[in-house]
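Reader: Hello! I am new to this structure and would love a close look at one part of it. Could you walk me through it?

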Amino acid sequence: MTPKFLGQTSALPASPEEAVLDYVPNPRPGSDYLVRFVSPEFTSLCPITAAPDFAHLVIDYVPGETIVESKSLKLFLGSFRNHGAYHEDCTVGIGQRLFDEMKPKWLRIGGYWYPRGGIPIDVFWQSGEQPAGVWIPAQDVPGYRGRG
């Protein structure tokens with residue numbers, strides 16, 4: 001489980017499918033705790049018009065045996081810049097891939113998307129019930145308010 005990208009010059013993967021996520025051993029396997037990653041400038045492309053879409057992503061998880069290495073996650077998220085997909089596919093796909101590969105005890109993702117066609121679309125996915133006894137703060141990303 002040696003990270004492939006940490007400390008190395010790394011090119012952005014051409015697509016999410018080509019992106020490799022690194023996982024390292026959980027440094028606190030006997031403790032349940034929350035890890036939060038925030039990507040306030042996530043971008044992808046509209047699958048119809050190829051216009052850019054922007055989101056504020058919040059990924060929360062309670063580790064199992066491994067944690068995701070942050071540089072590989074950054075490269076994975078960056079690989080969506082030239083990827084055409086609907087908001088729902090991007091958000092849920094990211095959550096499911098992390099959950100399937102990392103096998104955390106619990107994971108949720110909030111995708112707070114900026115308006116497309118005048119309508120903001122927020123997408124949420126989680127792997128199951130929140131674990132008892134773990135402090136899981138609210139994501140606290142305000143809904144889109146425009147100029148008002």
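Reader: Let us take strand β3: which residue in β5 is the bridge partner of valine 58?

Author: Happy to help! The bridge partner of valine 58 in β5 is glycine 110. Before going on, a word on the ground rules: this is a predicted model, in which local features need pLDDT of at least 70 and side-chain atom pairs count only at pLDDT 80 or more, while totals for chains, interfaces and linings use all residues. Residues are numbered from 1 along each chain as its sequence is written, and side-chain values use heavy atoms, with hydrogens and water left out.

Strands here are DSSP runs of E with at least two residues, helices are runs of H or I with at least four, and both are numbered from the N terminus. Strand β3 covers residues 52-62, and nine of its 11 residues are buried, so the rest of the structure largely encloses this strand. Buried means under 20% relative accessible area, exposed means over 50%, and partly exposed lies in between, using a 1.4 Å probe and protein chains only.

Now for the partners of β3. Two strands pair if DSSP finds at least two bridges between them. With strand β5 (residues 106-113), β3 pairs in the antiparallel sense over eight bridges. With strand β2 (residues 35-45), the pairing is also antiparallel, over nine bridges. There, phenylalanine 37 has isoleucine 59 of β3 as its bridge partner. As background, side chains in a regular strand alternate between the two faces of the sheet.

The hairpin of β2 and β3 has six residues between the strands, and alanine 50 takes a positive phi there, near 65°.

Following β2 a little further takes us to the largest pocket. A pocket is an open set of points on a 1 Å grid over the protein atoms alone, where a 1.4 Å probe fits and protein lies on both sides within 12 Å along at least five of seven lines; lining residues have an atom within 4 Å of a point. Sixteen residues line this pocket, and Ser39, Lys74, Leu77, Gly78 and Arg81 lie nearest its centre. The elements giving two or more residues to the lining are β2 and α1 (70-78). β2 supplies the largest share, seven residues.

One last stop is strand β4 (residues 66-68), which holds isoleucine 67. Isoleucine 67 counts as buried because its relative accessibility is 19%. Between isoleucine 67 and alanine 19 there are 17 Å in space, C-alpha to C-alpha, and the two are 48 residues apart in sequence.
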